[in-house]
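User: I have a model open and would like to go through its strands and packing. Can you take my questions as they come?

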Amino acid sequence: MTNPYCEKISELPQIPDQYLLTEDQIINLDRLSSDTWWAEGYGSFMANNELTDFIRPYFSKPIAVRYQLITKDRPFHIDTCAQTYKYNYVYKTGGANVKTIWRESTDLSTQLLDDDIVTTCNNRCWYKLNVKLSHSVMDIETARCSITVKEDLE
Ligand SMILES: [Fe+2]
């Protein structure tokens, strides 16, 4: 099923292997997300300037580039950032059965609803995500690593 809330974007480039950091390398970067979230298995980390410089030409506006590390299932949530959209490039999926689930609403109830859209993000593909709708990540087995781009509003 196509998913308008998690749209595959083919115009963005493949990220060179040198920037596909391991879990241990990501953990050594500056973490931006709170200790509470990190304890719950979600971390956002500063990307270095080289990677940001590589991605910047593909966007018309200033961007912020982050590594995202997810080590536990993420219950339904809405991202707290000001931006509506994020671009996400998953390069380590976190297991063969990981699903991302989207809701056409801001409902945060934990059980699956009939209209929920269950998807699998392909490895090393860019997706444009609407992070202001309720979404979750389920069935994580190992660390899930991605590079995330959002408009830099600062
Ligand atoms: Fe999210």
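**Strands, sheets and core**

Analyst: Ready. One pair to begin with: Trp102 stands opposite Ile117 in E7. Keep in mind that this is a predicted model.

User: How many bridges do E6 and E7 pair over, and in which sense?

Analyst: E6 and E7 are joined by three bridges, in the antiparallel sense.

User: What is the order of the open sheet of four strands?

Analyst: The order is E4-E9-E6-E7, and the pairing is antiparallel. E4 and E7 stand at the edges with a single partner strand each, so one side of each has no neighbour in the sheet. From one strand to the next, the twist averages 20°.

User: How many bridges join E6 to E9?

Analyst: Four bridges join strand E6, residues 99-102, to E9, and the two run antiparallel. Lys99 has Met138 as its bridge partner in E9.

User: And E4 to E9, how many there?

Analyst: Two bridges, with strand E4 covering residues 74-77 and running antiparallel to E9. Arg74 is the residue opposite Val137 in E9.

User: Which side chains of E9 are buried?

Analyst: His135 and Val137, which point to one face of strand E9 (residues 135-138). Ser136 and Met138 point to the other face and are not buried. In a regular strand, side chains alternate between the two faces of the sheet.

User: Back to the edge. Where does Thr119 lie?

Analyst: Thr119 lies in strand E7, residues 117-119. Across space, its C-alpha is 5.3 Å from that of Thr100, while the two are 19 residues apart in sequence.

User: Why is Thr119 classed as partly exposed?

Analyst: Thr119 has 17 other C-beta atoms within 10 Å. A residue needs 20 or more to be buried and 12 or fewer to be exposed, so a count in between is partly exposed.

User: Other sheet now. What order does the open sheet of six strands have?

Analyst: The six strands come in the order E1-E8-E5-E10-E3-E2, with antiparallel pairing. Strand E1 (6-9) and strand E2 (42-46) are at the edges with a single partner strand each, so one side of each is left without a neighbour in the sheet. Neighbouring strands are turned by 30° against each other on average, direction ignored.

User: How many bridges join E3 to E10?

Analyst: Eight bridges, between residues 63-70 of strand E3 and residues 144-151 of strand E10, which run antiparallel. Ile63 stands opposite Glu151 in E10.

User: Which residues touch the most other members of the largest nonpolar core?

Analyst: Tyr67 and Leu69, in a core of 25 residues. E3, strand E5 (85-92), strand E8 (126-130) and E10 each supply at least two of the core residues. E3 gives the most, with four residues.

User: What does Tyr67 touch?

Analyst: Leaving out residues up to four places away in sequence, Tyr67 touches Leu21, Ile26, Leu29, Phe45, Ala47, Cys145 and Ile147.

User: Now the whole chain. How many helices and strands?

Analyst: Three helices and 10 strands. Along the sequence the pattern is β-α-α-β-α-β-β-β-β-β-β-β-β.

User: What does the radius of gyration come to?

Analyst: The protein has 15 Å, which agrees with the value near 15 Å for a compact globule of 154 residues. The C-alpha trace spans about 45 × 30 × 30 Å along its principal axes.

User: What share of the residues counts as buried?

Analyst: Of the 154 residues, 27% count as buried. As for contacts with a separation of 6 or more, 81% are between residues 24 or more positions apart.

Key. Residues numbered from 1 in each chain as written. Predicted model: local features only at pLDDT ≥ 70, side-chain atom pairs only at ≥ 80, totals over all residues. Pairing = 2+ DSSP bridges. Axes fitted to C-alpha atoms, helices over the stretch in contact; angles between N-to-C directions. Rg over C-alpha atoms; globule rule 2.2 N^0.38 Å. Contact = placed C-beta atoms within 7 Å. Core = buried A, V, L, I, M, F, W, Y, C linked by C-beta atoms within 7 Å.
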